[in-house]
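Here are a few notes to read with the model open beside you. Take them one at a time and find each spot as you go.

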Amino acid sequence: MLVTMSGALLLGLLIALLIRIRYLRWLEVLLCSVFGFLLAKTAAAPVVQTVIEGVGGFLGQLQF
């Protein structure tokens, strides 16, 4: 759950930055948001969740 929240926050900040530099318009943000909500209601949602948690776990184990 923590990885999902931080991932959503990071993507939200990226979208806000792209809007700020006018690289991404509001229509594209709306389409991306609707796609995300629709994807969350499909059978692919557990797979996406597992991939996000796996990447988060891998990044959490990296040591610099």
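Is Arg-25 buried or exposed? Keep that in mind; point 4 settles it. One caution before we start: this is a predicted model.

1. **The overall plan.** Start with the big picture: the chain has three helices and zero strands. Following the sequence from start to end, you get the pattern α-α-α. With a radius of gyration of 14 Å, the chain is well over the 11 Å that the globule rule gives for 64 residues, so it is more spread out than a compact globule. If you'd like dimensions, the C-alpha trace spans about 35 × 35 × 15 Å along its principal axes.

2. **What's covered and what isn't.** Of the chain's 64 residues, 5% count as buried. The accessible surface comes to about 5800 Å², and 76% of that belongs to carbon and sulfur atoms.

3. **The loop between H1 and H2.** Now go to Arg-22, which sits in the loop linking helix H1 (2–20) to helix H2 (26–40). Most residues other than glycine have a negative phi. Arg-22 has a positive one, near 60 degrees. Why does Arg-22 count as exposed? Its relative accessibility is 75%, and the cut-off for exposed is over 50%.

4. **The salt bridge.** Back to the opening question: Arg-25 is exposed, because its relative accessible area of 58% is over the 50% cut-off. Its partner is Glu-28, and the closest N and O atoms of this salt bridge are 2.9 Å apart. Glu-28 is partly exposed, at 27% relative accessible area. How many salt bridges does the count come to? Just one.

5. **Helix H2.** Here's a check you can do by hand. At 1.5 Å a residue, the 15 residues of H2 should span 21 Å, and the end C-alpha atoms are indeed 21 Å apart, which agrees. H2 is also hardly covered: among its 15 residues, the count of buried ones is one.

6. **A nonpolar patch.** Finally, look for Val-47, Val-51, Val-55, Phe-58, Leu-59, Leu-62 and Phe-64, which make a nonpolar surface patch of about 780 Å². One of these, Phe-58, lies in helix H3 (residues 45–61). As you look at the patch, remember that an α-helix has 3.6 residues a turn, so residues three or four places apart point the same way.

How values were computed:
Residues are numbered from 1 along each chain as its sequence is written. This is a predicted model: local features need pLDDT of at least 70, side-chain atom pairs count only at pLDDT 80 or more; totals for chains, interfaces and linings use all residues. Side-chain values use heavy atoms; hydrogens and water are left out. Helices (H or I, at least four residues) and strands (E, at least two) are DSSP runs, numbered from the N terminus. Buried means under 20% relative accessible area, exposed over 50%, partly exposed in between (1.4 Å probe, protein chains only). The expected span of a helix is 1.5 Å times one less than its number of residues. The radius of gyration is taken over C-alpha atoms; the globule rule is 2.2 Å times the number of residues to the power 0.38. Accessible areas come from the Shrake-Rupley method with a 1.4 Å probe; for residues, only the protein chains shown count as cover. Patches are made of residues with over 30% relative accessible area and no salt bridge: like charges are joined within 9 Å, nonpolar side chains (Val, Leu, Ile, Met, Phe, Trp, Tyr) within 5 Å. A salt bridge is a side-chain nitrogen of Lys or Arg within 4 Å of a carboxyl oxygen of Asp or Glu.
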